[in-house]
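Dear colleague,

I am handing over the structure we discussed, with the request that you read the notes below alongside it.

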Amino acid sequence: MGIIPIRPAEPADAPRLKEIALAAYARYVERIGLEPGPMGADYEEAIESAEVWVAMADDVVAGYAVTRHPGDDGVLLENLAVEPDHQGRGIGRALIAHSRLARWRAARRTSSSSRMRR
């Protein structure tokens, strides 16, 4: 697939993230007997309170990752979903790698700035 464009989610992306979650997690409803948490998630709130990345394919949001940072250098992958029509193209893998790299860069900036203040 080549390079997968990834950007921070914007509030206007929330309805699309909900669509992706419903499509990506639908197959699990019958298997587990209830809707998985991401199907009922508040994506507007997630975009506001977490780090949310979206991956683009064919000029549309094709997948997303919701991450939180509970420690100084950790990344908690709270939710990852890829539109079923776009699965198998490496989008999920790219989102995970991007989330880890973004956290590493943020930690490096924090570490560098605290060393400079000493």
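The notes that follow go from the overall fold to individual residues and their pairings.

**Overall architecture**

Please bear in mind that this is a predicted model. The secondary structure of the chain consists of four helices and four strands, and the elements follow one another from the N terminus as β-α-α-α-β-β-β-α. Of the 118 residues, 34% count as buried. The accessible surface amounts to about 7,400 Å², and carbon and sulfur atoms account for 52% of that area. As for contacts between residues at least 6 apart in sequence, 57% of them join residues at least 24 apart.

**Strands S2, S3 and S4**

Strand S3 pairs with two other strands. S2 and S3 run antiparallel and are joined by seven bridges; S3 and S4 also run antiparallel, with six bridges between them. Within the first of these pairings, Ala 57 stands opposite Val 60 of S3. Within the second, Gly 63 faces Val 82 of S4 as its opposite residue. S3 is mostly covered, since seven of its nine residues are buried.

The hairpin formed by S2 and S3 has two residues between the strands, and Asp 58 adopts a positive phi near 55 degrees there. With a relative accessible area of 58%, Asp 58 is exposed.

**Salt bridges**

Side chains of opposite charge can pair when their charged atoms come close. Six salt bridges are found in a search of the whole structure, and several of them deserve separate mention.

Asp 58, already noted in the hairpin, has a side chain that meets that of Arg 89 in a salt bridge, at 3.7 Å from N to O. This pair links distant parts of the chain: Arg 89 is in the loop between S4 and H4, Asp 58 is in the loop between strand S2 (51-57) and S3, and the two are 31 residues apart. Arg 89 counts as partly exposed, at 35% relative accessibility.

Which side chains does Arg 68 meet in salt bridges? One partner is Glu 45, at 4.0 Å from N to O. That bridge connects strand S3 (residues 60-68), which contains Arg 68, with helix H3 (residues 43-49), which contains Glu 45, across a separation of 23 residues. The other partner is Glu 78, at 2.6 Å from N to O. In this case Arg 68 in strand S3 is linked to Glu 78 in strand S4, ten residues apart. Arg 68 is partly exposed, with a relative accessible area of 24%. Glu 45, at 39% relative accessibility, is partly exposed, and Glu 78 is likewise partly exposed, at 41%.

There is also a network: salt bridges with shared partners join Arg 16, Glu 19 and Glu 83.

**Glu 83**

Is Glu 83 buried or exposed? Its relative accessible area is 14%, and Glu 83 is therefore buried, the cut-off being under 20%. Glu 83 is located in the loop between strand S4 (76-82) and helix H4 (91-117). Apart from neighbours within four places in sequence, Glu 83 is in contact with Arg 16, Ile 20, Ala 23 and Ala 62. Arg 16 thus appears both in this list of contacts and in the salt-bridge network.

**Aromatic pairs**

The structure as a whole contains two aromatic pairs. Tyr 25 and Tyr 28 form a tilted pair, 6.3 Å centre to centre and with 50 degrees between the planes. Tyr 25 counts as buried at 15% relative accessibility, whereas Tyr 28, at 27%, counts as partly exposed.

Tyr 43 and Tyr 64 form an edge-to-face pair, 5.4 Å centre to centre and with 70 degrees between the planes. Because Tyr 43 lies in helix H3 and Tyr 64 in strand S3, the pair ties together parts that are 21 residues apart in sequence. Both tyrosines, Tyr 43 and Tyr 64, are buried.

**Ala 12**

Finally, Ala 12 is found in the loop between strand S1 (6-8) and helix H1 (14-25). Ala 12 counts as exposed, at 66% relative accessibility. Its C-alpha atom is separated by 9.7 Å from that of Ile 47, which is 35 residues away along the chain.

With kind regards

Conventions: Residues numbered from 1 in each chain as written. Predicted model: local features only at pLDDT ≥ 70, side-chain atom pairs only at ≥ 80, totals over all residues. Heavy atoms only, no water. Buried < 20%, exposed > 50% of the residue type's maximum accessible area, 1.4 Å probe, protein only. Contact = heavy atoms within 4.5 Å. Pairing = 2+ DSSP bridges. Areas by Shrake-Rupley, 256 points an atom, 1.4 Å probe, with all protein chains shown as cover. Phe/Tyr/Trp six-rings, centres within 6.5 Å; stacked < 30°, edge-to-face > 60°.
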